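Student: I would like to learn how to read the way two helices pack against each other, and how to read a pocket. Could you take me through both, step by step?

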Amino acid sequence: MLTQERYAVILQALGERGAVTVGELTELLRCSESTIRRDLAAMADEGLLNKVHGGATALENDCLRREFGVEIKYGLHAEEKRKIGRAASLLVHPGDFVFLDAGTTTESMVDTLDCREAVYVTNGIQLARRLAARGLTVLTPAGRVKSVTDAIVGSRAVESFSAYHFTIGFFGVNGVSLTGGYSTPDEEEAQVKKAAMARCRRRVILADPSKFGGVSAVTFGALPDAEILTTSLPDPQYAAETTVMEVDKP
């Protein structure tokens, strides 16, 4: 298993439990204690977790201020993302003009996105490459590339959306809260998301269950502004605020 893959597993375990021991991670990852200790030390140096005697704990208010790189995000909640992406791709129909937000959850749509009679616009560099490789018609806005997330951001990106009228848009999110709405850690990414949402006839937030209850640094929309597509809803109160589509619901 590659280093970044181990990091993703460790962060997912911390997100679910709040704290993990070296022994638990050794069993989970099937590698030596020395490897786990080196990983925890390196991750602590990067500000990804708190290293404590015998293990690690999650950072307090981590959702508020931390943006993981795409290499780590690919490994977080991967199965949930695949299910959400598959369901989201079915919402695209011939003739649609589609916005796809940058992010690993929206990118999970690509493998099952087969509608060639639609046009796709994305501010995700890797997402644009993969759409083009599948022979789909894809456009990107102007702007600056943010290296951490491979997203095109900035005032020129925001201005690019002023001429567009999307029939449907799919958006990633770092936090979904009853009080904080839809949020993300970065001001520039929030501006791009907000500008794109304003140009969409239908807006769909793609969120695995770990995103619910979190409030990140910048809100880019209120709950009624979009529908939510998730695998399962941890709190039925969200369904009272907006339309929620649950992939795993019988």
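Tutor: Let us begin with the idea of an axis, which is a line fitted to C-alpha atoms, taken for helices over the stretch in contact, with angles running from 0 to 180 degrees between N-to-C directions. Keep in mind that this is a predicted model. Here the axes of helix H2 (residues 22–29) and helix H3 (residues 33–45) come within 9 Å of each other and cross at roughly 110°.

Student: Are H2 and H3 roughly parallel or roughly perpendicular to each other?

Tutor: Angles of 65 to 115 degrees count as roughly perpendicular, and H2 and H3 are therefore roughly perpendicular to each other. The crossing in which H2 passes H3 is right-handed.

Student: Which residues in H2 and H3 meet?

Tutor: From H2 come Val22, Leu25, Thr26 and Leu29, and these meet Glu33, Ile36, Arg37 and Leu40 in H3. By character, the residues of this contact between H2 and H3 divide into 5 nonpolar, 1 polar and 2 charged.

Student: And what is the volume of the second largest pocket?

Tutor: The second largest pocket has a volume of about 270 Å³. Its lining has 11 residues, of which Ala78, Lys81, Arg82, Ser108 and Asp111 are the closest to the centre.

Student: Which helix supplies the largest share of the lining of the second largest pocket?

Tutor: That share, 4 residues, comes from H6, while helix H6 (78–89) and helix H7 (104–107) each supply at least two residues of the lining. The lining residues of this second largest pocket divide into 6 charged, 3 polar and 2 nonpolar.

Definitions and conventions. Residues are numbered from 1 along each chain as its sequence is written. This is a predicted model: local features need pLDDT of at least 70, side-chain atom pairs count only at pLDDT 80 or more; totals for chains, interfaces and linings use all residues. Side-chain values use heavy atoms; hydrogens and water are left out. On a 1 Å grid over the protein atoms alone, a cavity is a set of points where a 1.4 Å probe fits but cannot get out, and a pocket is an open set with protein on both sides within 12 Å along at least five of seven lines; lining residues have an atom within 4 Å of a point. Grid points are joined across faces, edges and corners, and a volume is the space filled by probe spheres set on the points. Ala, Val, Leu, Ile, Met, Phe, Trp, Tyr, Cys and Pro count as nonpolar, Asp, Glu, Lys and Arg as charged, and the others, Gly among them, as polar. Angles under 35 degrees count as roughly parallel, over 145 as roughly antiparallel, 65 to 115 as roughly perpendicular and the rest as oblique. A crossing is left-handed if the near helix is turned anticlockwise from the far one by less than a right angle, and right-handed if clockwise. Contact means heavy atoms within 4.5 Å.
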